[in-house]
Amino acid sequence: MNAQAPPIEMTGKQHIDMVETFAAPNYHPLPIVVSKANGVWVEDADGHKYMDMLAAYSAVNFGHGHEGILNAAREQLEKVTLTSRAFHNDQLGPFAHELAELCGMEAILPMNTGAEGVETAIKTARRWGYTKKGVPADTAKIIVCHNNFHGRTTTIVSFSNDPDCRENFGPFTPGFESIPYGDIDALRNAIDDHTVAFLVEPIQGEAGIIVPPEGFLTQVREVCTEKNILFIADEIQSGLGRTGHTFACDHENVKPDIYILGKALGGGVMPVSAIVSSREILSVFTPGSHGSTFGGNPLACAIARKVVEILKTDCYQKNSRDLGEHMFNRLNAIKSKHVEDVHGRGLWAGIDVPKSSGTARDFCYKLREEGILCKDTHEQCIRIAPPLSINKEELDWAMDRFEKVLSE
Ligand SMILES: *Cc1c(COP(=O)(O)O)cnc(C)c1O
C-alpha cells in the first residue's frame, strides 16, 4: 500500500490565517469558520454550534441542507449540468414557465448572480426606453434611491452613495439619478423626458431593513404608470418569502414591471438570478444582445424549479408572517438603553443600537458568545434574518439570547 499522508485537521485560527494570506482582503467576516450546517444550525471547524441568524443574506431562506432542494440538485447532477445557451436544455422551459407563473408575469431572463440580474434589468430598461418609449439615443435616465444596494459591478456602484464601495473604482457609468428613499414627491420631480425606469428595493436590505412609508409602493406604481416609466423592484433580498409574502411588493398588492430575483432563488446551493417581466418588455432583446454562459443552466434551473415549487405551498411565507409577528413582539418588548429602534417585516429585522452603546458589531460578537450568528450593517444596525424554516422554539431560544445581550 502506498504511504498516505494523514489528513490534516486545521483549526479555525489556521483557516482564518490562510484566508488572510491567500485571499483578497475585501471582506471583514466574524472570526468563525463554518464547516457544516443543517436547518438553522451551523457548526464551526472546532465543533461549536451556532444558530444562523443571517441565512447568507436571505440566500438560505429554506434552511441549510433542505432535503428537497438537495435531491433536486443530486438528480440533475447525474443528468446534465451545463449546456450553455448554444443548445436548449430540458430544464429551462419548465423553469421559465413556473417562475413566470409564480410571479404573475409572462417571461423571464435567467442569470446567475444578483448583480447580473440588476445589470440585465438596467439594459432592459434602457432598450425599452429607446425602442418603445422613443427616448433619444444614449440619454436614458434611471432613478434610484439613496442608500441603495444593488450589487458590485462597475455600473451598479456608479449609482451607490456608499463611499466604501465606490472609492477609486471610477470612472463611473452615467445615466442615474438618486432620490431619498420613500419620497414620492422626489420621484415625481426627478422624472423627465429621458427617464426610463425607477429601480428600487421594496424594503432596503443592506441599508438596515428600511421599510418605506405605508402606501409608497402603491404610489410608485401609480406614478410609473402615469409617466410611462418602468417600475423595477429589486426583490433579490426582500423576495421569495422573507417578508411573509412571496414578494415584499405583495404587502401593498403592487406589481412592478420587472422583478429582479436572486439569492434564495438558488436554494442556498448555487447562484441563480432572473428578471421576470412581460413578454413585451423582454422582447427588447434580440439574439446576441445579452447572455451568460451559465445563465439558465440545467442544474440551476432544476434547483430553482424546486424553490418555486416550495414557494407555491406558501409554507415558508406563512411561517415568516406568523413567527415574524412573534419576533417583533419579543424584540419590541426589550426595554433597554441599547435598543434605539426595531424595524423590518416578516422574519427580517434591523435593531438600531445607539453609538453610546458601541457598534452593532460589538453586539454581534456578544451574540456569538451566546451561540448566535448575525451580522451588523452600517455600524449601528444589527440585522436578523434567520432561515424561514425556523420553528417557534428555536426562535424563542434566539430571542432569549438577544434579550440577554441587549439588556446587559
Ligand atoms: C445581494 C443583493 C444584490 C446583489 O446580489 P449578488 O448575488 O451579491 O450579486 C442586489 N440587490 C440586492 C437588494 C441584494 O440584497
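## A tour of the ligand site and the two domains

Start at the ligand and select Gly114: one of its backbone N or O atoms lies 2.8 Å from an oxygen atom of the ligand, which counts as a polar contact (a pair of N or O atoms within 3.5 Å; within protein, one must be able to donate a hydrogen and the other to accept it, and residues adjacent in sequence count only if both atoms are side-chain atoms). This is a predicted model, in which local features need pLDDT of at least 70 and side-chain atom pairs count only at pLDDT 80 or more, while totals for chains, interfaces and linings use all residues. Residues are numbered from 1 along each chain as its sequence is written, and side-chain values use heavy atoms, with hydrogens and water left out.

Next, select Ala115, where a backbone N or O atom is 2.8 Å from an oxygen atom of the ligand. At Phe149, a polar backbone atom is 3.4 Å from a nitrogen atom of the ligand. On its own the ligand has 380 Å² of accessible area (Shrake-Rupley method, 1.4 Å probe), and the protein covers 81% of that.

Now show the residues around the ligand (a heavy atom within 4 Å); among them are His150, Glu201, Asp234 and Lys263.

Then colour the chain by domain, with bounds from an automatic or database domain assignment: domain 1 is 12–17 + 44–58 + 315–407, and domain 2 is 67–311. Their centres, taken over C-alpha atoms, are 27 Å apart.

Zoom in on the interface. Here 23 residues of domain 1 are in contact (heavy atoms within 4.5 Å) with 24 residues of domain 2. In domain 1, select Gln317, Arg345 and Trp348, which lose the most area to domain 2, together 40% of what that side buries.

Finish at Glu206 and Arg383. They form a salt bridge (a side-chain nitrogen of Lys or Arg within 4 Å of a carboxyl oxygen of Asp or Glu), and their closest N and O atoms are 2.7 Å apart.

Key:
Buried area = accessible area lost by both parts, 1.4 Å probe.
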